Amino acid sequence: MLLLIAAITVTTSFEAGSLGRVEYVSPLHLRCAVKGQADQDGRNRQANWYYFRLDNLPKQDVRIELTDLAGEYNYRPGSYSVTRNTRPVYSYDDRTWKHFTDENVEWDEKQGRLTVRFTPERPRVWIAHVPPYTTAHLAKLLGDIGRHPQVRQESAGRTVQGRELPLVTITDPAAPDSDKRVVWLMARQHAWETGTSWVIDGAVRYLVSDAPEAAKLRRAVVWKIFPMADPDGVVNGQVRFNAHGYDVNRNWDTADARVVPEIAAMKKAMFAWLDSGRRIDLFLALHNQEAGDYIEGPAGAVAQRLFDALGKTASFQAAGGPRVSFGKGAVDKGRMTVNQALFHERKIQAFLMELGVERNAKLARPRTTDDNLQFGPDLLNALAAAAP
Ligand SMILES: [Zn+2]
């Protein structure tokens with residue numbers, strides 16, 4: 001008998017595409033290793049970025065196993081960033097993404113593998129850990145806001161592979177800066193954490209909009225935004241380390257320009273700002289993690305105000321109160337996060353925020369791209385309310 005079905009093909013040859021070895025268990029059953037990424041010492045492997053396209057799909061039950069998920073976090077082995085609660089996303093046009101449902105997904109605890117079963121509606125589908133946000137998305141955003149008179153764009157420096165590190169300033173020049181708060185934001189220190197880019201995208205688009213509340217935010221605050229701290233990692237479909245394997249949210253104490261020029265450049269931009277006599281009233285680095293949300297920073301009234309303001313938003317899952325940056329004592333050399341370093345060296349009210357990608361307790365489902373976009377304006381208002 002002639003085999004009339006063309007084999008399902010797997011492609012990752014596009015920006016941020018990533019997958020490890022693919023094994024055909026049967027024509028409709030693919031075993032796909034997640035590539036993962038380890039650091040400069042071959043430690044702290046994290047395997048939760050995959051973004052691939054399947055072609056020649058029949059309208060039959062297809063099974064995709066995601067394997068090789070075991071990783072390590074802060075030198076503790078046995079950590080998984082794809083878990084029983086992870087729901088991959090799929091798209092038929094590489095633009096609009098939906099989560100696979102509980103019915104589609106099965107977790108094998110013994111093997112540490114996640115299996116997705118579904119009947120494709122079309123012959124081509126994209127699958128990813130979370131909805132991708134690439135440098136192409138960022139270029140579109142920066143292009144769209146480029147002519148706005150209250151937006152200034154510059155480069156803070158270059159990455160290992162020579163890409164620019166964009167720094168966006170948004171404020172109303174008609175109001176004197178001396179009357180304003182100064183808030184700095186940073187996203188995508190870790191390439192896989194695309195949800196934070198959607199938040200920044202929503203925040204920036206709102207901030208330049210005609211809404212009277214947005215004009216108020218531009219008059220009251222100088223907004224300084226690093227929208228993508230590791231563009232090399234984003235382009236190359238990496239997980240959480242730069243092109244030399246260095247974590248862009250550790251190493252803020254050492255800030256060695258030879259191995260993490262991204263950190264050196266961003267730190268230099270912030271310290272130059274401070275050294276020219278200006279303030280940073282509040283700093284926030286945005287991150288994604290698996291389950292739950294939190295903020296971490298210096299203990300005190302600002303932390304509590306920010307936490308309380310975030311708790312009023314539609315999707316921030318406030319629980320347990322703000323966490324303290326140096327709760328566990330001294331930090332090992334080369335392990336300091338951006339918020340820790342800014343507080344340690346310059347006493348800045350610097351925070352880190354984690355937003356979970358698994359089921360959101362408030363929404364009773366995982367956050368969608370729309371949820372993240374809508375969280376953007378909410379975040380700006382929370383920051384403006386919390387700034388000392
Ligand atoms: Zn992160």
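## The zinc site

In this predicted model, the zinc ion sits in an irregular site, with angles of 57 to 140° among its four donor atoms. For comparison, four tetrahedral donors would ideally show angles of 109.5 degrees. The site misses the tetrahedral label because that label needs all angles between 85 and 135 degrees, and the range here runs from 57 to 140°.

Which atoms do the holding? On the protein side, the donors are ND1 of His 190, OE of Glu 193 (listed twice) and ND1 of His 287, at 2.0 to 2.4 Å from the zinc ion. Along the chain, the donors follow the spacing H-x2-E-x93-H. As for their surroundings, His 190 and Glu 193 are both buried.

## An open five-stranded sheet

Five strands line up as β2-β3-β5-β11-β10 in an open sheet with mixed pairing. At the edges are β2 (22-26) and β10 (105-108); each has a single partner strand, so one side of each has no neighbour in the sheet. From one strand to the next, the twist averages 20°.

Let's zoom in on the β10 end. Strand β10 pairs with β11 (residues 113-118) in the antiparallel sense, over four bridges. Take Glu 106 as an example: its bridge partner in β11 is Thr 115. In general, such strand pairing runs through backbone hydrogen bonds, either parallel or antiparallel.

## Salt bridges

How many salt bridges are there? The count comes to 25. One of them links Lys 140 to Asp 144, with the closest N and O atoms 2.7 Å apart. Both residues belong to helix α1 (residues 135-145) and are four residues apart, or about one turn of the helix. Asp 144 is partly exposed, at 42% relative accessibility.

Arg 258 and Asp 256 also meet through their side chains, at 2.8 Å from N to O. Buried or exposed, where does Arg 258 fall? Arg 258 is exposed, with a relative accessible area of 69%, while Asp 256 counts as partly exposed at 23%.

Then there's the pair of Arg 365 and Asp 371, whose side chains form a salt bridge at 2.5 Å, N to O. Arg 365 is partly exposed, with 35% relative accessible area, whereas Asp 371 is buried at 11%. Elsewhere, Arg 21, Glu 23, Arg 31, Glu 65 and Arg 113 are joined into one network by salt bridges that share partners.

Key:
Residues are numbered from 1 along each chain as its sequence is written. This is a predicted model: local features need pLDDT of at least 70, side-chain atom pairs count only at pLDDT 80 or more; totals for chains, interfaces and linings use all residues. Side-chain values use heavy atoms; hydrogens and water are left out. Two strands pair if DSSP finds at least two bridges between them. Helices (H or I, at least four residues) and strands (E, at least two) are DSSP runs, numbered from the N terminus. Axes are lines fitted to C-alpha atoms, for helices over the stretch in contact, and angles run from 0 to 180 degrees between N-to-C directions. Donors are N, O and S atoms within 2.8 Å of the metal (3.2 Å for Na, K and Ca); water is not among the atoms, so sites may look incomplete. Four donors count as tetrahedral if all angles lie between 85 and 135 degrees; four count as square planar and six as octahedral if opposite donors are over 155 degrees apart and all others between 65 and 115; anything else is irregular. Buried means under 20% relative accessible area, exposed over 50%, partly exposed in between (1.4 Å probe, protein chains only). A salt bridge is a side-chain nitrogen of Lys or Arg within 4 Å of a carboxyl oxygen of Asp or Glu.
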